[in-house]
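Me: Please take a close look at the backbone irregularities in the loops of this model. Then put them in the setting of the strands, domains and chain contacts around them.

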Amino acid sequence: MDYLLTDEQKMVKELAHKIAEEKIRPVAAKYDVSEEYPWDVMKVVAEAGLFGLFIPEEYGGMSVNVMNLCLATEEMSRACGGIAVCYAASALGTFPIVLFGNEEQKKKYLPDLASGKKVAAFGITEPEAGSDASAIKTTAKKVGNHYVLNGLKHFITNGGDAETYVVIAMTDKTKGARGASAFIVEKGTPGFTFGKKEDKFGIRASSTRELIFTDCKIPVENLLAREGMGFIVTMRTFDMSRPGVAAQALGIAQGALELAVKYTKERQQFGKSISSFQGVQWMLADMATEIEAARGLVYSTARMVDAGIKDVAKESAMAKMYASDVAMKVTVDALQLFGGYGYMKDYPIEKYVRDAKITQIYEGTNQIQRGIIALALIREMAK
Amino acid sequence: MNIIVCIKQVPETTDVKINPETNTLVREGVKSIINPFDVYAIEEGVRLKERFGGKVAIITMGPPQAEAALREAISLGADEGILVCDRAFAGSDTWATSYTLSGAIRKLGAFDLIICGKQASDGDTAQVGPGISTHLDIPQVTYVKKVEEATEKHMRVERLMEEGYEVIDTPLPVLLTVVKEINEPRLPSLKGMMKAKSTKITVWGQKDLNLDPQGIGLCGSPTQVVKIFTPPQRTGGQILTGEIPEIAEKLISAIKDELH
């Protein structure tokens with residue numbers, strides 16, 4: 001389908017495609033096994049200027065453009081969902097500074113994130129605060145010119161490898177969700193350490209670690225927006241980043257479909273390609289159609305965000321939920337089409353199933369997304 | 001450092017089809033790319049520019065669509081592109097091509113270094129680079145695999161040999177042809193792609209270059225292609241088996257039989 005992309009969007013897509021095919025696909029299996037952070041690929045992505053897609057020009061980026069970010073993430077995810085998320089998670093960690101940072105904060109942090117010299121991460125999740133973000137226990141206490149952070153974040157993508165972290169902590173527990181605030185914390189700050197690296201089912205090229213704060217002193221200048229704005233910062237950030245997760249799911253699904261089409265053409269049974277069998281054809285047709293429907297939803301949402309439309313919570317949730325459900329279904333079907341070979345790690349397709357699963361879980365489980373959508377519907381009806 | 005890189009647009013396939021009537025390459029329906037060896041030349045030029053300052057100009061001779069190759073070279077870090085394009089240049093062999101390109105280089109003005117890929121993937125002659133240096137009367141070093149040292153006036157390079165390499169000192173200006181061992185070309189950057197899209201490509205024809213009409217195109221080309229053909233496939237050969245002394249004897253007698 002032709003999405004009438006602008007010349008700039010076509011360039012982003014073409015460049016990300018090139019990186020995916022030449023630099024990511026050849027190393028996807030290697031990083032899936034080793035679980036190392038793919039610094040060599042991140043360097044290529046940085047030199048290509050793709051980290052600039054979520055940072056304004058005056059701070060060394062290209063301009064903040066969610067559609068471009070989605071195109072880049074989708075193309076890279078076609079080759080490896082794990083490596084692509086190392087990139088996309090840096091966008092997640094950068095958005096709070098772009099959206100809420102003051103001039104000094106932007107000048108200090110954004111240029112290095114735009115050039116890819118440093119990557120970012122966002123820390124909100126805690127062992128007992130997943131979908132219920134208001135249950136956060138990490139505290140930030142103001143002492144003179146500093147905030148003192150104490151607590152534990154876990155499941156933090158890019159944790160340990162990122163240099164710049166945006167962390168949500170409670171400045172006033174009595175106020176519940178309105179008592180949360182967002183802080184920029186630099187790697188290397190005394191009292192800020194990392195826990196174990198998680199051994200994951202999929203997206204194994206990306207790093208996931210605990211962030212541990214033990215009397216971690218950070219200057220008051222590192223507070224983003226104002227005290228009590230932590231959840232607003234988080235929600236606005238997710239509005240920007242959710243289309244990116246949807247695009248990751250979309251790319252994984254697209255990559256799996258391409259492999260399935262290629263394989264079913266090559267695989268001979270009963271004297272002909274299995275792609276000549278109607279049962280196989282119908283599966284491929286459904287997979288392709290669902291992917292295209294997801295793509296329409298993702299691109300439309302991204303364009304809404306770029307157009308400055310404020311309330312995109314419902315559309316963002318729909319895009320993320322639908323694209324990730326499609327990714328799960330399509331990757332499982334693609335593996336089925338590979339038959340017994342698909343179950344073997346010698347073939348690339350089982351990795352797509354593992355990589356797809358997380359997209360239904362992170363940045364709000366799909367159950368939470370459905371809740372957001374339903375709530376928006378009920379609200380609209382009440383108007 | 002003023003650097004000129006000469007590139008060629010070639011079909012993206014090693015399986016080049018030849019028109020049996022005209023004995024020329026069939027370009028229709030095949031995607032065009034920058035000759036792979038020339039991409040290493042562009043990269044080396046851009047790296048030297050990044051070290052010494054100056055600029056990298058790309059020159060190509062070809063049909064109007066070769067402009068795409070120039071734009072791609074700019075996306076990889078080059079500064080400007082010159083397309084040498086004129087019907088009068090059609091049918092040029094390597095001699096006429098290198099004469100024409102040397103005319104364009106002269107018109108471009110002072111330069112310190114010219115870099116070419118070692119050969120093109122379609123014609124495989126490896127003659128145009130050396131031809132340009134001859135027409136310009138400057139030194140040439142072919143098959144360069146490494147630039148060891150470079151100053152504004154001098155260069156020490158490693159020249160790939162079948163076994164090992166030669167180390168060659170040369171004054172500038174010089175023409176180098178490079179092999180793929182010399183570097184790992186970068187991918188384009190977004191900023192480079194945007195610049196490539198907006199940069200104006202200079203087009204020079206015969207009138208701009210003011211070349212000797214007898215030296216260009218078909219009539220300036222001493223090479224006459226009499227016939228182009230695909231050599232017949234080798235047949236299977238014969239595999240000798242048995243103990244080594246026995247195989248050796250069989251082999252020698254087979255060679256003797258062949259000679260008689």
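Reply: Ala126(B) lies in the loop of chain B that runs from β8 (113-117) to α4 (128-136); helices (H or I, at least four residues) and strands (E, at least two) are DSSP runs numbered from the N terminus. The model is predicted, so local features need pLDDT of at least 70 and side-chain atom pairs count only at pLDDT 80 or more, while totals for chains, interfaces and linings use all residues. Residues are numbered from 1 along each chain as its sequence is written, and chains are lettered from A and ligands numbered from 1 in the order in which they are written.

Although Ala126(B) is not a glycine, its phi is positive, about 65°. Most residues other than glycine have a negative phi, and most peptide bonds are trans. Ala126(B) has 17 other C-beta atoms within 10 Å and is therefore partly exposed; buried means 20 or more such neighbours within 10 Å, exposed 12 or fewer, and partly exposed anything in between, with C-beta atoms placed from the backbone.

Asn210(B), also not a glycine, has a positive phi near 55°. Its loop in chain B connects α6 (206-209) with α7 (244-259). Asn210(B) counts as exposed because it has 10 C-beta neighbours inside 10 Å.

The peptide bond between Leu172(B) and Pro173(B) is cis, with omega about -5°. Pro173(B) sits in the loop between β11 (165-171) and β12 (174-178) of chain B.

β11(B) in turn pairs with β10(B): the two run antiparallel and are joined by 7 bridges, where pairing requires at least two DSSP bridges between the strands. Met155(B) faces Thr170(B) in β11(B) across this pair. The hairpin formed by β10(B) and β11(B) has 4 residues between the strands, and Gly164(B) in its turn has a positive phi of about 85°. On β9 (residues 140-150) of chain B, 5 bridges lead to β10 (residues 154-160) of chain B, again antiparallel. Here Glu149(B) stands opposite Arg156(B) in β10(B), and a hairpin of 3 residues links β9(B) to β10(B).

Turning to the contacts between chains, 14 residues of chain A are in contact with 9 residues of chain B; contact means that C-beta atoms, placed from the backbone, lie within 7 Å. On the side of chain A that touches chain B, α1 and α2 (39-48) of chain A each supply at least two residues. α1(A) has the largest share of that side, 7 residues. The side divides into 8 nonpolar, 2 polar and 4 charged residues, where Ala, Val, Leu, Ile, Met, Phe, Trp, Tyr, Cys and Pro count as nonpolar, Asp, Glu, Lys and Arg as charged, and the others, Gly among them, as polar.

Within chain A there are domain 1 (7-118), domain 2 (121-230) and domain 3 (238-382), with bounds from an automatic or database domain assignment. Taken over C-alpha atoms, the centres of domain 1 and domain 3 of chain A are 21 Å apart. Their contact takes 22 residues from domain 1 of chain A and 21 residues from domain 3 of chain A. On the domain 1 side, the elements giving two or more residues are α1 (7-34), α3 (66-79) and α4 (81-100) of chain A. α3(A) gives the most to that side, with 11 residues. By type, the domain 1 side has 13 nonpolar, 5 polar and 4 charged residues.

How values were computed:
Two residues are in contact if their C-beta atoms, placed from the backbone, lie within 7 Å.
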